[in-house]
Amino acid sequence: MEKFMTPLLLLLCLPLALAGHDYGQALSKSILFFEAQRSGYLPHNQRVTWRANSGLNDGKASGVDLVGGYYDAGDNVKFGLPMAFTVTMMSWSIIEYGKQMAASGELGHAMNAIKWGTDYFIKAHPQPNVLYGEVGDGNTDHNCWQRPEDMTTDRRAYKIDPSNPGSDLAGETAAAMAAASIVFRHSDPAYSSELLRHAYQLFDFADKYRGKYDGSITVAQKYYRSISGYNDELLWAAAWLYQASGNQHYLDYLGKNGDSMGGTGWGMTEFGWDVKYPGVQTLVAKFLMQGKAGHYAPVFERYQQKAEYFMCSCLGKGSRNVQKTPGGLIFRQRWNNMQFVTSASFLATVYSDYLASAGRDLKCSAGNVAPAELLGFAKSQVDYILGDNPRATSYMVGYGNNYPQRVHHRASSIVSIKVNPSFVSCRGGYATWFSSKGSDPNLLVGAVVGGPDAYDNFGDRRDNYEQTEPATYNNAPILGILARLNAGHGGYNQLLPVIVPAATPVVTKPSPAPKPKTIPPTKPKTTPAPASSSGAIAIQQKLTTSWISNGKRYYRYSTIVTNKSAKTLKNLKLSISKLYGPLWGLTNLGNAYGFPSWLNNLAAGKSLEFVYIHTANAADVSVSAYTLA
């Protein structure tokens, strides 16, 4: 039996004062969340200071550098499909509302959040038809409750290639790279071109070698199974490649394949990391309103009809409408329902502005709807998330006075390694931290959690993963909506060519910085630049010799570490990445390297040498810790 709240009861349950929200503050917090999800070497200006370096050996067993990227949610696995969708949606947010983000001072942070993802994708795409789509295994990871910095779980890397295809994964990653190339087109043209080149290759790979990625990366099936298949991702990637390049080939692809691949046929009521059809339909409707359809206009009109089917269903004015809670929130499923709320609200926001720019209304079966009503719907969903709901609960951690305190998130629920460096074991983390009834020791600021059930009920418990676990793809779409609501429309035509404004520089290069190369050059640099030397310590590397064995060229590098201070150097810890062979002269401490067993300190002016051999460029070496006595 369905339950309904009477209008009077609902009114009494709502907060007494609904004095507008601080969308600018919510925007800042929602971007900050991505810094808590970072994997790899964290930059010197990392703002989420309770996190530290993690996953520093990712990809090493496969001979590829996969350090970096994002953990998807409350676990420590890097899943490629939702990560790529996250980057696509962050990029779309900036493409539409970059001016508003710049006005609030957050554009630089948002662009760096995107770059953290695209730098990783460049590494994960070492060859035109090879893409690494997962690092770690959800099954072993979910058996452990550990900080990312303490991980002892399997960090195997999984890839797709012509023999093991994954058109949905490659297509979504192509979309992410193409969309991000628009973001960086004016501020970093070389990087933008690099992203677009990867996008071209990934789309060709996805289209030529067709198949579902979870048939190749089977460990993803339990967590991110591709239910919708790959046709939606191929159309989605083509749409983004057309927007990024203006190349007629991709417009032709949308026009010729719209009917056969479902773009004009599927009327959907959900949009997210799996189902891309409403996103494709919204973008193609934009192309139509821009006058770019040409002789494909009849096909593009059918895309637009399905886009408007989605919008009308969100408003409750279509032939098939989405379910909503008594408090007015879109409700699709018990587990992480908020992902659908933010994604749908973003589409409603941008489509409202497209319609307003074109001077037309939304056509629903219940009648025409003004663009402002569509934007009003998106605002109502965001306001619900921020606290305008029957529980008066903010579902964005750290926003407002009443938000979740026991988030299903390993890193935030365990004391920071910087506060207590004692190792947290796999099962020990469950016994000590997961089962704790206390609030999280680290506030996961800006995280949008899974949210309430179909009747607006919510249980703030760490074991309630369906409701208290956050995800990057919950946050990514809300960036654009918050920027739009905070700064208004901006008075410009949303259908005109996109120019992302220059951002205030926010340097977030990790040390060592990722190098955007698709394939390592056959010859290493003869004078590698020393990685991060501190004022007290100098690091110099040089290539000493090379030889060929079994058809491969091997290189021997010598690295000199010098104590430049006037004091004795102790407790030295070096971070070394992109090392694909044996090393002599240091002690492996797990996440770092220390003095060799025969050396406890380094006197003033003295040096130590270590050597390593591998088949690539010089490894990246940096100082992570030391003391002077």
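This note covers the two domains of a predicted model, the contact between them, and an annotated site.

1. **Domain layout.** The domain assignment splits the protein into domain 1 (23-487) and domain 2 (531-628). Their C-alpha centres lie 39 Å apart. Each side brings residues to the contact: 10 from domain 1 and 10 from domain 2.

2. **Buried area.** Domain 1 and domain 2 bury about 760 Å² between them. Carbon and sulfur atoms give 44% of that area. On the domain 1 side, look at Tyr-41, Lys-60 and Asp-65. These three supply 54% of what domain 1 buries against domain 2, more than any other three residues.

3. **Polar terms.** How many salt bridges link domain 1 and domain 2? The count is zero. Polar contacts do occur across the interface: two residue pairs qualify, both at pLDDT 80 or more. The domain 1 residues that touch domain 2 comprise three nonpolar, four polar and three charged.

4. **Annotated site.** An unreviewed UniProt entry lists His-408, Asp-460 and Glu-469 under "active site". These residues span 62 residues in sequence. No two of their C-alpha atoms are more than 10.2 Å apart, so the three gather at one spot. The label comes from the record, and such annotations may be inferred rather than shown by experiment.

5. **Placement of His-408.** Where does His-408 sit? His-408 is in the loop that joins helix H14 (371-385) to helix H15 (410-413).

Technical notes
Residues numbered from 1 in each chain as written. Predicted model: local features only at pLDDT ≥ 70, side-chain atom pairs only at ≥ 80, totals over all residues. Heavy atoms only, no water. Domains from an automatic or database assignment. Contact = heavy atoms within 4.5 Å. Buried area = accessible area lost by both parts, 1.4 Å probe. Salt bridge = Lys/Arg side-chain N within 4 Å of Asp/Glu carboxyl O. Polar contact = N/O pair within 3.5 Å; in protein donor to acceptor, adjacent residues only side chain to side chain. Nonpolar A, V, L, I, M, F, W, Y, C, P; charged D, E, K, R; others polar. Helix = DSSP H or I, 4+ residues; strand = E, 2+ residues; numbered from the N terminus.
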